[in-house]
Amino acid sequence: MSDATAMTALRAAVLATARAMNAERLNRGAAGNVSARHDDGLLITPTGMAYDACTPEDMCFVGLDGRCEGRRKPSSEWRFHHDIYVARPEAGAIVHAHAPFAVSLACMGMAIPAFHYMVARFGGSDVRCADYATFGSQELSDAVVRALDGRRACLMAHHGMVVFGGNLDEALALAVELEALCEQYWRVLQIGGPRLLTFDEMERVLEKFANYGRQ
């Protein structure tokens, strides 16, 4: 497959993932964004465009040197996508969504503790909530990268969620799983709050998750 053909296919896959994100009710309208690593940069959804109105050619290239190419402007959140790829070589794709239950917790500045063993799916004994900063700013990017240290997902205070995976399918699946956990935790909070799993148990679960899903 030529480089041009590969980029065309990846543009289509980024757009398909953004549409799937909305179909999964993780997002509505033009909020949120999706990206995938490509060569020395990334392909990302454009700013302010409804995904159903986009074509693959509307996906924007942003180089790891910060240059932007394409007929559209990239998402206003391109900066934290860029910085995650720089900080985390294992990241192949990123999903950022304004999912309802994730936003509900994030607006309270709440992390997700070890109330359920599936929290370990995201790399640790909790899912942190990144400090608030204005959308699109370097301050927000720095806060997100900090919250993702040792993790594959975080909430974003007064904003939403961000997850990364090795590819687009994995990133979307993790976003769906995270929103499910957010809903479950929100419901537990309505009946008095959770009993948390112990540190030792979460360490055992994390060890088991090291090979989770590998055939």
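1. In this predicted model, Glu69 counts as partly exposed, because its relative accessibility is 40%. Its side chain forms a salt bridge with that of Arg67, with an N to O distance of 3.0 Å. Arg67 is likewise assigned as partly exposed, at 31% relative accessibility.

2. A further salt bridge connects the side chains of Glu177 and Arg121, at 3.3 Å from N to O. Glu177 belongs to helix H5 and Arg121 to the loop between H3 and E6, so this pair ties together parts of the chain that are 56 residues apart in sequence. Glu177 is partly exposed, with a relative accessibility of 23%, whereas Arg121 is buried, at 14%. Elsewhere, Asp40, Asp65, Arg67 and Glu69 are joined into one network by salt bridges that share partners.

3. The structure holds 12 salt bridges. One of them is formed by the side chains of Arg71 and Asp58, with 2.9 Å between N and O. Arg71 sits in the loop between E4 and H2 and Asp58 in the loop between E2 and E3, so that distant parts of the chain, 13 residues apart, are linked. The two partners have the following status: Arg71 counts as exposed at 54% relative accessibility, while Asp58 counts as buried at 2%.

4. Arg11, in helix H1, deserves separate comment. This residue is buried but takes part in no salt bridge, and the nearest side chain of opposite charge, that of Glu57, is 6.6 Å away. Leaving aside residues up to four places away in sequence, Arg11 touches Leu43, Pro56, Glu57, Met59 and Cys60.

5. The sheet is open and is built from eight strands in the order E4-E3-E2-E1-E5-E8-E7-E6, with mixed pairing. Strand E4 (68-69) and strand E6 (129-130) are at the edges; each has a single partner strand, so one side of each lacks a neighbour in the sheet. E4 runs antiparallel to strand E3 (residues 60-63), and two bridges join them. In this pairing, Val62 stands opposite Cys68 of E4.

6. Two helices that pack on the sheet may be described next. Helix H2 (residues 78-87) touches E1, strand E2 (41-44), E3, E5, E7 and E8, and its direction makes about 35° with that of E1. H5 also packs on the sheet, where it touches E1, E5, E7 and E8; the angle between its direction and that of E8 is about 140°. Of the 10 residues of H2, seven are buried, so this helix is largely enclosed by the rest of the structure. The buried residues of H2 are Trp78, Phe80, His81, His82, Asp83, Ile84 and Tyr85.

7. Strand E1 has five of its six residues buried and is therefore largely enclosed by the rest of the structure. E1 pairs with E5 in the antiparallel sense over four bridges, and Asn33 stands opposite His96 of E5. The pairing of E1 with E2 is also antiparallel, over four bridges; here Ala36 lies opposite Leu43 of E2. The hairpin of E1 and E2 has two residues between the strands, and in it Asp39 adopts a positive phi near 50°.

8. Strand E5 is mostly covered, with five of its five residues buried. Ala93, Val95 and Ala97 point one way from the strand and Ile94 and His96 the other way, and all are buried. This may be set beside the general pattern: side chains of a regular strand alternate between the two faces of the sheet. E5 is joined to E8 by five bridges in an antiparallel arrangement, and Val95 has Val163 of E8 as its bridge partner.

9. The largest nonpolar core comprises 48 residues, of which Met21, Ile112, Leu155, Met161, Val163 and Leu178 touch the most other members. Elements that each supply at least two residues of this core include helix H1 (3-23), strand E1 (33-38), strand E5 (93-97), strand E8 (160-165), helix H5 (168-190) and helix H6 (199-209). H5 gives the largest share, nine residues. Not counting residues up to four places away in sequence, Leu178 touches Ile112, Phe122, Val127, Ala153, Cys154, Leu155, Met161 and Val163. There is also a second, separate core of 21 residues, among them Phe80, Ala91, Ala130 and Leu140.

Definitions and conventions. Residues are numbered from 1 along each chain as its sequence is written. This is a predicted model: local features need pLDDT of at least 70, side-chain atom pairs count only at pLDDT 80 or more; totals for chains, interfaces and linings use all residues. Side-chain values use heavy atoms; hydrogens and water are left out. A nonpolar core is a set of buried Ala, Val, Leu, Ile, Met, Phe, Trp, Tyr and Cys residues joined through side-chain atoms within 4.5 Å. Buried means under 20% relative accessible area, exposed over 50%, partly exposed in between (1.4 Å probe, protein chains only). Contact means heavy atoms within 4.5 Å. Two strands pair if DSSP finds at least two bridges between them. Axes are lines fitted to C-alpha atoms, for helices over the stretch in contact, and angles run from 0 to 180 degrees between N-to-C directions. Lys and Arg count as positive and Asp and Glu as negative; His and the chain ends are not counted. A salt bridge is a side-chain nitrogen of Lys or Arg within 4 Å of a carboxyl oxygen of Asp or Glu.
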